[in-house]
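Please look over the structure shown below before reading on. The report that follows takes up a helix pair, a ligand shell, an annotated domain and some points of backbone geometry.

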Amino acid sequence: MALVRMRNMKGPNNTEIEKKIKRGNALRQGSAWRGYRGLVALLLFALSVCGASTWWYLSSLDRDVTETLVRRGELVSPQPRVFTVECSEDYENYQRYPGCTPQTCGRAVTDGVVTREEAQVLKRLAERGLALAGSEGGASILDLHSGALSMGRQFVNIYRYFGDDIGDVFTKEDFELYRDVRGRIQAVVAETFDLDPSLMYLTKPTFFSRINSTEAQTQHDEYWHPHIDKVTYGSFDYTSLLYLSDYGSDFTGGRFIFMDQNGNRTVEPRAGRVSFFSSGSENLHRVEKVAWGTRYAITVSFTCDPAHAISDPALP
Ligand SMILES: O=C(O)CCC(=O)C(=O)O
Ligand SMILES: [Fe+2]
């Protein structure tokens, strides 16, 4: 009752008091907002510090990458992008085959030889084959020529292990596509390096690779070591890599890195992209570790030595 009476009391002093109360409230609201603004600014500052340090950390993971030769988003077609490098002296220690042994060395990349649709068909083939087994670690291979397939910590021969059932996994058309694509790659390698395509031969190993970020279990899973193909594989004179998946969307990490004396040069994989190079020590390289996702590729290589020639893979 007393309260009601108080509220109903009117007079000049009351309006003054109300004004003072309103002014007080407004001031309080203002200072509360100012306090809030300080908090927001602090939060924004903390966020930008976090962002900057994440960026710094990520870029420090492969700080030694100095130049990207071809980015995933570029379309290099119809002509390959060619980078010449001086041939190493190690060719002097090998027999020379005129019309094939590298006179000019280098590396090149093209997106104009294999379509993305063809890459997709080949990727499905790799997926089907590798689904039969696969490594326990991060890197599995399927060699259609020798039949070698990663299984657990070792390899099996798919043609022996699966017998006639392998015909349910791979079709005649799959092998025809492989042969056709191999022929086109051979032609572009010959044209780029000014070789006679009839004097270069497919050589082993020729294999599909599937890489993910699972921890390596055996040495076979350690795909990231720097190497020279001519040293690792012996018979290689020209290496080509056909990528079947896209860097940045199918996987991250997994870039191809040429390790030159004055810095690294990278090629970002893209489905249908063919990267090829002379296999000597002028092209020391490695594959960056895959950080996320799955990366598919095919290694198709050529030799100048007819004694190391192999025929195209075929169903037994
Ligand atoms: O898959 C790649 O990008 C490279 C593989 C490689 O260096 C090799 O097969 O010798
Ligand atoms: Fe290699």
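## Packing of helix 3 and helix 5

In this predicted model, helix 3 contributes E118, V121, L122 and L125 to a contact in which helix 5 is represented by D174, L177 and V181. Sorted by class, the residues of this contact comprise five that are nonpolar and two that are charged, with no polar residue taking part.

Helix 3 covers residues 116-131 and helix 5 covers residues 172-192, and the two pack with their axes 11 Å apart at an angle of about 130°. Because angles over 145 degrees count as roughly antiparallel and those of 65 to 115 as roughly perpendicular, helix 3 and helix 5 are therefore described as oblique to each other. The crossing that helix 3 makes as it passes helix 5 is left-handed.

## The shell around ligand 1

Which residues surround ligand 1? The residues around ligand 1 are S209, D229, L241, F256, H285, V287, A297 and T299. Two elements, strand 14 (285-287) and strand 16 (295-303), each give two or more residues to this shell. By class, the shell around ligand 1 is made up of four nonpolar residues, three polar residues and one charged residue.

## The annotated domain

An unreviewed UniProt entry places the feature "domain: Fe2OG dioxygenase" at residues 204-305. In the model, the span of residues 204-305 is 47% strand and 5% helix, and the C-alpha atoms at its two ends lie 12 Å apart.

## Cis peptide bonds and a positive phi

Where in the chain are the peptide bonds cis at P78 and P205? The bond that runs from S77 to P78 is cis, its omega being near 0°, and P78 is found in the loop between strand 1 (65-70) and strand 2 (81-85). A cis peptide bond also joins K204 and P205, where omega is about 0°; P205, however, is found in strand 8, which covers residues 201-211.

The backbone at D194 is notable in another respect, since this residue is not a glycine and yet has a positive phi, with a value near 60°. D194 is found in the loop between helix 5 and strand 8, that is, between the helix that packs with helix 3 and the strand in which P205 is found.

Notes: Residues numbered from 1 in each chain as written. Chains lettered and ligands numbered in written order. Predicted model: local features only at pLDDT ≥ 70, side-chain atom pairs only at ≥ 80, totals over all residues. Near = placed C-beta within 6 Å. Helix = DSSP H or I, 4+ residues; strand = E, 2+ residues; numbered from the N terminus. Nonpolar A, V, L, I, M, F, W, Y, C, P; charged D, E, K, R; others polar. UniProt positions renumbered as here; feature names shortened; annotations may be inferred. Axes fitted to C-alpha atoms, helices over the stretch in contact; angles between N-to-C directions. Parallel < 35°, antiparallel > 145°, perpendicular 65-115°, else oblique. Left-handed = near helix turned anticlockwise from the far one by under 90°. Contact = placed C-beta atoms within 7 Å.
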